[in-house]
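Biologist: I have some questions about side-chain contacts. Could you bring up the model so we can go through them together?

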Amino acid sequence: MNGGSSMQAVGRRAVLAGFLATGVMALPGCTTIGRPSYTDIIENLLMLSSQRAFARLTQPDGFWDSQVARINMPVLFGRPGSVAQKIFRSPLFKEKLQRELNRIAEDGARVAAPIVYDAVRSLTVTDALALLRGGDTSATTFLRQSMGSGLVNAMIPELDRVMRMAEDPILNTAVNALTGVNMADAAHALALEADNAIWYEIGAQEADIRAHPESTNDGALIAALKLAKGI
């Protein structure tokens, strides 16, 4: 880094530090009124990202219409078997099954949403500045790693319940065609796919906020994200 770049970086750090110290970047709900920390900013970024993601995914056809969250056929339904191979040979049947699974995943997202929000509120960030300076989905990746398989485990019971109550002929035919597979297995497989889809959507929303911070109408977040690009 040359001298000019070094001075510019120091200047940006000083400006951001000044915002934090004076409370110009105050965030709603911060534990220290008027003096948000880097952790506060990351939490706000994650809360906005997850709220936008779940608002989209819990709408009718939310998963299906998403460019990043549409769920493909779970691996479970690709198991070999003479009956299954005959059934899944039909593109129309596969599309109907995929659409039904994406629809059911919406119920999983409704269960997952408050769990993610609680995780954001209680998140322990060891290096918030690094996340602020990180890639487009760095905060989402950190949150997902901190939660582990929490969403999968939470969604399985609800997806199992919904799949049984739906009594969808397409879904029932698909499950019955697989040897040694029951609805609980199908719910587990769908939960794994829904988990990936949810995190993809949250990550996409984080990336969009980073690219267009003005869309948040949050002065603190706007200033932090803009300055972080040059820190």
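Biologist: Which residue lies over the face of Trp-64?

Modeller: Keep in mind that this is a predicted model. A charge counts as over a ring if CZ of Arg is within 6 Å of the ring centre and within 35 degrees of the ring normal. Here the distance from the ring centre is 3.8 Å. The residue over the face of Trp-64 is Arg-70.

Biologist: Now the aromatic rings. How many aromatic pairs are there?

Modeller: Two rings pair if their centres lie within 6.5 Å. By this rule, the number of aromatic pairs is three.

Biologist: Take Phe-88 and Phe-93. Are their planes stacked or edge-to-face?

Modeller: The ring centres are 5.7 Å apart. The planes meet at 75°. Planes over 60 degrees apart count as edge-to-face. So the pair of Phe-88 and Phe-93 is edge-to-face.

Biologist: Is Phe-88 buried or exposed?

Modeller: Buried means under 20% relative accessible area. Phe-93 has 12% and counts as buried. Phe-88 also has a value of 12%, so Phe-88 is buried.

Biologist: Which residue do ring pairs link with Phe-88 and Phe-93 into a cluster?

Modeller: We have already met the pair of Phe-88 and Phe-93. Ring pairs link these two and one further Phe into a cluster. That residue is Phe-77.

Biologist: On to charges. How many salt bridges does the model have?

Modeller: Side chains of opposite charge can pair when their charged atoms come close. The cut-off here is a nitrogen within 4 Å of a carboxyl oxygen. By this rule, the count of salt bridges is 10.

Biologist: Which residue forms a salt bridge with Asp-195?

Modeller: The closest N and O atoms are 3.2 Å apart. The pair links distant parts of the chain, 51 residues apart. Asp-195 is in helix α10, and its partner is in helix α7. That partner is Arg-144.

Biologist: Is Asp-195 buried or partly exposed?

Modeller: Its partner Arg-144 has 25% relative accessible area and is partly exposed. Asp-195 has 7%. Under 20% means buried, so Asp-195 is buried.

Biologist: What separates Asp-160 and Arg-164 along their helix?

Modeller: Their side chains meet in a salt bridge, at 2.7 Å from N to O. Both sit in helix α8. They are four residues apart, so the separation is about one helical turn.

Biologist: Last one. Which helix holds Asp-107 and Arg-110?

Modeller: These two form a salt bridge, with the closest N and O atoms 3.4 Å apart. They are three residues apart, so about one helical turn separates them. The helix spans residues 91-121 and is α5.

Methods:
Residues numbered from 1 in each chain as written. Predicted model: local features only at pLDDT ≥ 70, side-chain atom pairs only at ≥ 80, totals over all residues. Heavy atoms only, no water. Phe/Tyr/Trp six-rings, centres within 6.5 Å; stacked < 30°, edge-to-face > 60°. Buried < 20%, exposed > 50% of the residue type's maximum accessible area, 1.4 Å probe, protein only. Helix = DSSP H or I, 4+ residues; strand = E, 2+ residues; numbered from the N terminus.
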